[in-house]
Amino acid sequence: MDLKASGQEHPLSRILETVRLYWGFDRLRPLQEEAIRAGLDHRDSLVVLPTGGGKSLCYQVPPLLVERTDIVISPLISLMKDQLDALQACGYPAAALHSGMTSQQRRQGESFIASGKCRLVLVAPERLVTPWFLNLIQRRSIRAFAVDEAHCISHWGHDFRPEYRQLAVLKECFPDASIQAYTATATQRVRQDIIEQLRLKDPAVLVGCFDRPNLIYRLVPRQDVRTQVRQVIDRHPNQAVIVYCISRSDTQSLAAHLQSRGVRAAYYHAGMKADERRKTQDAFSNEQLDVIVATVAFGMGIDRSDVRCVIHAAMPKSIEHYQQETGRAGRDGLEAECILFYSPADVLRWKSLLEKTAEQARNRQEVLKASVELLQQIRRYCAPGRCRHKALSEYFGQTYQDVNCNACDICLNECGELEEGTVSAQMILSCVGRVGQRFGIGHVVDVLCGADTERMKSVRHHELSTYGLMKTTAKKVLTNMVYQLVDQDLLTRTNGEYPVLRLNKASWQVLRGQRKVWLVPPKTGKVKKTAHEKESWEGVDGDLFESLRRLRTQMARERSVPPYVIFSDAALREMARRRPLTGPGFLSIHGVGEKKLSDFGDIFMAHIRAHE
Ligand code: ADP
């Protein structure tokens, strides 16, 4: 057997030695070894690992081990910059070529690549197919490509990028080169599309486990979203938090509200100019901002590994989106909270947005049907009931063994029991009947609350028997109940611009007392600490940890790199637990390699020594 060709000449110990030397990690994560071996073997592969699964390491290790130059195709300049910073901080010889560089930087990069010492070249797809680059690949006999965020090639993915389509030429131009495709997108259709578009030959398909045990999932009925969001942010002082909203205007008003309460927050959406977006993203990366309030547009470019909380101020439009967005939390492996404030009103809001989007599509009915189906799936996920980790794993076609995940609102027993709400439901439904089934949610709620308004008088609804019938219930709670009834199909809300409430068959069963109604009670916002959280803080000197974080920020400013490039939170927590004071001790910290020991060891150890 040809050892060189099989990759067996690189035993695991050699791989680990390299990983330890550059990155300071002692172990490989699931499937990293298999993916690295495929890279060493020049075998095409499709590697599907969840966000934070450690995909980058898989394509960074092979060229180091065999001393060759590989190419990584990346969709965003910001991603390339961050990755290059991180690689250089580890002493890894890499270069990037993108349109955001000065001509001098580009020349430097090019001559470094030409010298043969560069192990990894990060490029944008459009740059890859230029004559200069194709020529370089030929001259340097480059034979391995890694395609990061490979789902961008697929129409079915959530981040389709037309320029990725050009990558189809790779196999034509370089038939004996291998391609490693990496993605976190789990759907079968996208995976197949990637294989076809990139023309992968007999690829090793490596699909990781999609469960993220360090993420704590919580679903909370939405009442007063501003207060609720603020309460969650208060649980994460000085920590990185992302809040997702449905619309651009929602992001702006929520960010303004948080700022007015002293939170270092900013908004982010696709309607902003590119440089404004970039500035906001940089400020978040550099820890000048703690909270980003964003639409789905805030995504791929975020490499900050210490995001401790992802809040959904409203339901996202699919479980895929939810998984992708929550995936940005806790990439450093430490505990992180993912909380979704759900209201059945979100389903209706999405439906009307999706109808508008579908209008522009050629196959309108088909597009609408598919997106409504995705919406129903996330709606079912939001209903109280099953363990969130289990539900997510099963959605992505994987089995979940744990009986109690100890990391979701259901298993932590935080959600409280469903309450019988038959009498409240009857009051609401009879009010819908009294107003002639001709009014919307707002008005029905006003009648039940006994609102003293001109409009009420003009339609003489203050004379109805249901007027003020539920005035002791808070308006927000009441509105939420009405939405819950709609959500359970116990009441119909018509489509169109002015939706009204109508009674249906099920409403009559409730009114006649033939059917009970269960409602989710309003929450107190109390949360429990998970076992994972307690464990990861065990023995950690909290003051020292905070002070090491400040030192890291200062080091990062001096070097103009994002702080997480210097050390992850996980590494700092371990330092604050073990207080290393010698070189070998410092090197044994998870995430400290030779280069980081020599660059930062002395100063961090002096800081630890000085901290009593
Ligand atoms: P992905 O691209 O899959 O989202 P990354 O490659 O950005 O994930 O890795 C996520 C984090 O995990 C990074 O901070 C990285 O340094 C870290 N990481 C990767 N591999 C390992 C490992 N074997 N042990 C510990 N940490 C790792």
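Before the exercises, one term: a residue is buried under 20% relative accessible area, exposed over 50%, and partly exposed in between, using a 1.4 Å probe and protein chains only. The structure is a predicted model, in which local features need pLDDT of at least 70, side-chain atom pairs count only at pLDDT 80 or more, and totals for chains, interfaces and linings use all residues. Residues are numbered from 1 along each chain as its sequence is written, and side-chain values use heavy atoms, with hydrogens and water left out.

**Exercise 1: cysteines**

Work out how many disulfides the structure holds, and explain the result for Cys-90 and Cys-431.

Solution. Start with the bond itself: a disulfide is a covalent bond between the sulfur atoms of two cysteines. The criterion here is a pair of cysteine sulfur atoms within 2.5 Å. Next, take Cys-90: the closest cysteine sulfur belongs to Cys-118 and is 15 Å away, so the two are too far apart for a bond. Cys-90 is also buried, at a relative accessible area of 7%. Then turn to Cys-431, whose closest cysteine sulfur, in Cys-449, is 9.8 Å away and therefore too far for a bond. Cys-431 is buried too, with a relative accessible area of 0%. The count for the structure is 0 disulfides.

**Exercise 2: the ligand shell**

Describe the residues around the ligand and the polar contacts made with the ligand.

Solution. First, collect the shell, where a residue is near a molecule or strand if one of its heavy atoms lies within 4 Å of it. There are 15 residues around the ligand, and the nearest are Arg-27, Gln-32, Gly-52, Lys-55 and Ser-56. Second, sort them by class: 4 are nonpolar, 7 polar and 4 charged. For this sorting, Ala, Val, Leu, Ile, Met, Phe, Trp, Tyr, Cys and Pro count as nonpolar, Asp, Glu, Lys and Arg as charged, and the others, Gly among them, as polar. Third, look for the main contributor: helix H4 (residues 55–66) gives the most to the shell, with 3 residues. Helices (H or I, at least four residues) and strands (E, at least two) are DSSP runs, numbered from the N terminus.

Fourth, check the atom pairs. A polar backbone atom of Arg-27 is 2.8 Å from a nitrogen atom of the ligand. Ligand oxygen also lies 3.0 Å from a polar side-chain atom of Arg-29, and an N or O atom in the side chain of Arg-331 is 3.0 Å from an oxygen atom of the ligand. Taken alone, the ligand exposes 570 Å², of which the protein buries 82%; these areas come from the Shrake-Rupley method with a 1.4 Å probe.

**Exercise 3: positive phi**

Place Glu-287 and Asn-413 in the fold, and decide whether each is buried or exposed.

Solution. Recall the background: most residues other than glycine have a negative phi. Glu-287, although not a glycine, has a positive phi of about 65°. Its place is the loop between helix H13 (274–285) and strand E11 (291–294), and at 9% relative accessibility Glu-287 counts as buried. Asn-413, not a glycine either, has a positive phi of about 55°. Asn-413 sits in the loop between helix H17 (388–395) and strand E14 (419–420), and is exposed, with a relative accessible area of 52%.

How values were computed. A polar contact is a pair of N or O atoms within 3.5 Å; within protein, one must be able to donate a hydrogen and the other to accept it, and residues adjacent in sequence count only if both atoms are side-chain atoms.
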